Amino acid sequence: MSYRIGEAARRVGCKVETVRYYEQVGLLPEPARTEGNFRLYSEAHLEQLRFIRHCRSLNIPLEDIRNLLELKTRPTENCAEINKLVDEHIRRVEEQMDLLVQLRQSLQELRGQCIGPEATGTCEIIRRLSDCKCHGGADSKV
């Protein structure tokens, strides 16, 4: 069975632009075309789109998805390379989690500067946000 791009996108649960993008960056093989030059996607295309979307829902980078798709075409090889890719992604997620914990702590410290509703002109949060020297400006101490 073949599907035009709108139907393929609907069946997979994404936007038409997303399907075109995955095709453009080489994650999705080019589909057949009708005489009117409409794209026709097969069930195999939809399966690959679902795979890509699931990977993206896990925040797996496009280059890693490209590698996983390549490895998927070699079903008799051992999965050491797949494990390595996933382990590296887990490491990146753990780094992001550490950064998010630090971010939460910084925001909680900032929020702790305001003990109640006061005039915004005397708001300690606004003052501290205005005085930040942490982003490499001319007066930065970094």
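Reading from the N terminus, the elements of the protein come in the order α-α-β-β-α-α-α-α. That adds up to six helices and two strands. The model is a predicted one, and everything below is computed from it.

As for overall dimensions, the C-alpha trace of the protein spans about 70 × 40 × 30 Å along its principal axes. The radius of gyration comes out at 24 Å, whereas a compact globule of 142 residues would have a value near 14 Å. Of the 142 residues in the protein, 21% are buried. Turning to contacts between residues at least 6 apart in sequence, 42% of them join residues at least 24 apart.

Next comes the packing of the helices. Two packed helices are described by the angle between their axes and the distance between the axes. Helix 1 covers residues 5-12 and helix 2 covers residues 16-24. Their axes are 8 Å apart, and the packing angle is about 100°. Angles of 65 to 115 degrees count as roughly perpendicular, so helix 1 is roughly perpendicular to helix 2. On the helix 1 side, the residues involved are Ile5, Gly6 and Ala9, and they meet Val16, Val19 and Arg20 of helix 2. Sorted by character, the residues of this contact are four nonpolar, one polar and one charged.

Gly6 deserves a second look here. This residue sits in helix 1, and its C-alpha atom is separated by 5.8 Å from that of Val16, although Gly6 and Val16 are 10 residues apart along the chain. With a relative accessible area of 37%, Gly6 is partly exposed.

Helix 1 also has helix 3, residues 43-57, as a partner: the two axes come within 10 Å and cross at roughly 45°. That angle makes helix 1 oblique to helix 3. As for handedness, the crossing of helix 1 and helix 3 is right-handed. Helix 1 brings Ala8, Arg11 and Val12 to the contact, while helix 3 supplies Leu46, Leu49, Arg50 and Arg53. Four of the residues in this contact are nonpolar and three are charged, with no polar ones.

Back in helix 2, Glu23 is a residue to pick out. Its relative accessible area is 13%, and because buried means under 20%, Glu23 counts as buried. What does Glu23 touch, leaving aside its neighbours within four places in sequence? The list runs to Leu28, Pro29, Glu30, Pro31, Arg33, Arg39 and Tyr41. Two of these names tie in with the strands: strand 1 is 32-33 and strand 2 is 39-40, so Arg33 belongs to strand 1 and Arg39 to strand 2 by the numbering of the DSSP runs.

The loops hold a couple of backbone details. Asn37 is found in the loop between strand 1 and strand 2. Phi of Asn37 is near 70°, which is a positive value in a residue other than glycine. Further along, Asn59 is found in the loop between helix 3 and helix 4, the latter being residues 62-72. Asn59 is not a glycine either, yet it has a positive phi of about 65°. At 41% relative accessibility, Asn59 is partly exposed.

Definitions and conventions:
Residues numbered from 1 in each chain as written. Predicted model: local features only at pLDDT ≥ 70, side-chain atom pairs only at ≥ 80, totals over all residues. Heavy atoms only, no water. Axes fitted to C-alpha atoms, helices over the stretch in contact; angles between N-to-C directions. Helix = DSSP H or I, 4+ residues; strand = E, 2+ residues; numbered from the N terminus. Parallel < 35°, antiparallel > 145°, perpendicular 65-115°, else oblique. Left-handed = near helix turned anticlockwise from the far one by under 90°. Contact = heavy atoms within 4.5 Å. Nonpolar A, V, L, I, M, F, W, Y, C, P; charged D, E, K, R; others polar. Rg over C-alpha atoms; globule rule 2.2 N^0.38 Å. Buried < 20%, exposed > 50% of the residue type's maximum accessible area, 1.4 Å probe, protein only.
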